[in-house]
Amino acid sequence: MAERIGFVGLGIMGKPMARNLMAAGYELTVYDIVGEPVEELATEGATAASSPAGAAAGNVRTITMLPDSADSERAILGPEGVLEGAEPGSVIIDMSSIAPSMSQKIGAACDDKGVKFLDAPVSGGEPGAIAGTLAVMVGGDEAVFDDCKAVLDVVGGNVVLTGDVGAGNITKLANQIIVAANIEALSEAMVLAQKAGVDPERVFNAIRGGLAGSAVMEAKAPMMLDRNFRAGFRIRLHQKDLRNVLQTAGELNVPLPVTALVQQMLGSLINDGEQDADHSAILHFIEKLAGVEVNRGS
Ligand code: NAD
């Protein structure tokens, strides 16, 4: 009989990841606080649960894919949470990007109940979630990791154990520093070209194969040129990640000046009502400073 997996959090990332698990032959019990994606997956063969505890009940593994630390805490440790439904010996895999200290808090609570825990945030965005090629950064016990590797390989193209519980989210924070700074630099470059009267699309085509080229540039330059800021990855989620970066860096006395600056830009964009736009909308902040709009073929 196929293994049944609990899945909680069916947003931009969680829904395609759950679909890939079903396509790989796993049976799923799913839950989200929003009814629509639950009903959608139920029509595709998943079983709908009425709480996180219900999604976990009777399963060897339960995956959570939620926005932030408080959401993971509530959905896993709260009343009718995943841990309440999980049986001793089973595994909870939290794939949300949250503060490493929260992963450790959740891991300790799981330990107390004899439930195993991995923090396993991802990178690769919605396209990677749909294609099942996400980079998965895992923190936890090596034996638990080995035991879950086959499941993680369904949603991931590169699944790496980086250390104990919390190390997955430390790795994700490192990833988010690089992505944020790259998008900000790309925005400055595009705006400079535009104001100088040089077609930003030609600039992109000229530099993409050189040292400045990157996965971020390949994903975000076309969105900027198309003026398509549909998330993708929401501004408010990247702001949350940088908040977690700066909180963790503060605890370790690590100054991160550029990350702090980009965090301010994201805060300003949220005040402008762009919280649910893609993070490539950092471009809007730089455009406003320069008084230009980047456009293809200009
Ligand atoms: P999202 O906002 O689209 O989805 C989150 C889902 O969680 C929503 O459907 C929401 O209703 C649900 N939810 C919230 N609280 C809940 C609770 N208590 N119980 C059950 N469901 C609950 O977010 P997303 O883009 O799918 O991101 C999920 C996580 O993955 C975040 O931590 C994000 O930072 C990370 N991430 C996102 C991307 C991306 O490109 N979107 C890429 C890598 C990592």
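Helices here are DSSP runs of H or I with at least four residues, numbered from the N terminus, and with that naming in mind the tour of this predicted model can begin at a loop.

Select glutamate 80 first, which is found in the loop between α4 (69-77) and α5 (82-85). Its backbone is worth displaying, since glutamate 80 is not a glycine and yet has a positive phi of about 60°.

Next, show the ligand together with its surroundings, which comprise 25 residues, with Met13, Asp32, Leu66, Pro67 and Lys240 coming nearest. Which kind of ligand atom does the side chain of aspartate 32 approach? Drawing the distance shows a polar side-chain atom of aspartate 32 at 2.6 Å from an oxygen atom of the ligand. Moving on to serine 97, look at the backbone, where a polar atom is 3.0 Å from an oxygen atom of the ligand.

Keep the ligand on screen and add glycine 232, which lies in the loop between α11 (215-226) and α12 (235-251). Here the partner on the ligand is a nitrogen atom, which lies 3.2 Å from a backbone N or O atom of glycine 232. Is the peptide bond leading from alanine 231 into glycine 232 cis or trans? Displaying both residues shows that this bond is cis, with omega near 25°.

Now hide the ligand and select helix α9 (residues 167-196) with helix α14 (residues 282-290), whose axes are 9 Å apart and which pack at an angle of about 40°. Because of that angle, α9 counts as oblique to α14, and the crossing of the two helices is right-handed. To see the contact itself, show side chains on both helices: from α9 come Ala180, Ile183, Glu184, Ser187, Glu188, Met190, Val191 and Lys195, which meet Ile282, Leu283, Ile286, Glu287 and Ala290 of α14. Colouring these residues by character gives 8 nonpolar, 1 polar and 4 charged.

Stay with helix α14 for the last stop and select histidine 284, which lies in this helix. Which residues does histidine 284 contact once its neighbours within four places in sequence are left aside? They are Arg227, Phe229, Leu269 and Glu274. For glutamate 274, display the side chain as well, as a polar contact of 2.7 Å joins the side chains of glutamate 274 and histidine 284.

How values were computed. Residues are numbered from 1 along each chain as its sequence is written. This is a predicted model: local features need pLDDT of at least 70, side-chain atom pairs count only at pLDDT 80 or more; totals for chains, interfaces and linings use all residues. Side-chain values use heavy atoms; hydrogens and water are left out. Axes are lines fitted to C-alpha atoms, for helices over the stretch in contact, and angles run from 0 to 180 degrees between N-to-C directions. Angles under 35 degrees count as roughly parallel, over 145 as roughly antiparallel, 65 to 115 as roughly perpendicular and the rest as oblique. A crossing is left-handed if the near helix is turned anticlockwise from the far one by less than a right angle, and right-handed if clockwise. Contact means heavy atoms within 4.5 Å. Ala, Val, Leu, Ile, Met, Phe, Trp, Tyr, Cys and Pro count as nonpolar, Asp, Glu, Lys and Arg as charged, and the others, Gly among them, as polar. A polar contact is a pair of N or O atoms within 3.5 Å; within protein, one must be able to donate a hydrogen and the other to accept it, and residues adjacent in sequence count only if both atoms are side-chain atoms. A residue is near a molecule or strand if one of its heavy atoms lies within 4 Å of it.
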